[in-house]
Amino acid sequence: MILAVDVHYSENSAVVAGVVFKSWQDEDSQKEYVSLMDEVADYEPGKFFKRELPCILKLIEDYHLKPKCIVVDGFVFLDDFSKAGLGKHLFDALNGEVSVIGIAKKRYKDIDSQFEVYRGDSRRPLYVTAVGIETQQAKRNVVTMHGNNRLPTLIKRVDQICRGIKVG
């Protein structure tokens, strides 16, 4: 089971969404989940995990999810492989038992071009970082995800869910 998660904030609360799928090429999710957080930490530059990590852990706990891999909207590492980002903190919180792939839409200042992935006809890269799985394999997984656009179909879907956007 692969779980993609995203969080949307409003003032000091949050909606966290998750979509579960079996294969990187899946077009549709098997299941979709939503949890609400009444209170979230304030945003701190470079310490995004303090705000987002509790939300993701709540979703996993609320639904007793046991994914093999989790895809987060953000970075696993904020540099090559030493400065922990959201994904690394999630990996550690799950005792290193679940691999984590980070897909970020914007480059973080210390991220090298080796983490860039181009999908479809997009001229703008995604930035893919990982822990518990080789980075090159994580990049291949992201490239093979369903959809012809920069953002894979299920990554776009989880974003829509947490923002309350109705589709279909």
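**Exercise 1. Is asparagine 95 buried or exposed?**

Solution. Start with the cut-offs: buried means under 20% relative accessible area, exposed over 50%, and partly exposed in between, with a 1.4 Å probe and protein chains only. Asparagine 95 has 61% relative accessibility, so it counts as exposed. Next, place it. Asparagine 95 lies in the loop between helix 2 (86–93) and strand 5 (99–104). Its phi is near 60°, a positive value in a residue other than glycine.

A note on the source: this is a predicted model, where local features need pLDDT of at least 70 and side-chain atom pairs count only at pLDDT 80 or more, while totals for chains, interfaces and linings use all residues. Residues are numbered from 1 along each chain as its sequence is written, and side-chain values use heavy atoms, with hydrogens and water left out.

**Exercise 2. Describe glutamate 11 in the same way.**

Solution. Locate it first: glutamate 11 sits in the loop between strand 1 and strand 2 (13–21). Phi is near 50° for glutamate 11, again a positive value in a residue other than glycine. Its relative accessible area is 80%, so glutamate 11 is exposed.

**Exercise 3. Set out the order of the elements of the protein.**

Solution. Helices (H or I, at least four residues) and strands (E, at least two) are DSSP runs, numbered from the N terminus. The protein has 4 helices and 7 strands. From the N terminus, they run β-β-β-α-β-α-β-β-β-α-α. The radius of gyration is 15 Å, close to the 15 Å that the globule rule gives for 168 residues, so the protein is as compact as a globular protein of that length. That radius is taken over C-alpha atoms, and the rule is 2.2 Å times the number of residues to the power 0.38. Of the 168 residues, 47% count as buried.

**Exercise 4. Which residues of helix 2 are buried, and what covers them?**

Solution. List the residues: Leu86, Gly87, Lys88, Leu90 and Phe91 are buried in helix 2. Now look at the cover, which includes helix 1, strand 4, strand 5 and strand 7 (126–131). Contact here means heavy atoms within 4.5 Å.

**Exercise 5. Describe the largest pocket.**

Solution. Begin with the rule. On a 1 Å grid over the protein atoms alone, a pocket is an open set of points with protein on both sides within 12 Å along at least five of seven lines; in a cavity, a 1.4 Å probe fits but cannot get out; lining residues have an atom within 4 Å of a point. Points are joined across faces, edges and corners, and a volume is the space filled by probe spheres set on them.

- The largest pocket has a volume of about 640 Å³.
- Of its 24 lining residues, Tyr43, Phe48, Asp73, Gly74 and Phe75 are the closest to the centre.
- Strand 1 (2–10) and helix 1 (49–62) each supply at least two lining residues.
- The largest share, 4 residues, comes from strand 1.
- The lining divides into 11 nonpolar, 4 polar and 9 charged residues.

Ala, Val, Leu, Ile, Met, Phe, Trp, Tyr, Cys and Pro count as nonpolar, Asp, Glu, Lys and Arg as charged, and the others, Gly among them, as polar.

**Exercise 6. How many cavities of 30 Å³ or more does the rule give?**

Solution. The count is 1. About 70 Å³ of space lies in the largest cavity. Its lining includes Ala4, Val5, Asp73 and Leu151. Strand 1, strand 4 (69–73) and helix 4 (153–162) give two or more residues to that lining. By class, the lining has 8 nonpolar, no polar and 4 charged residues.
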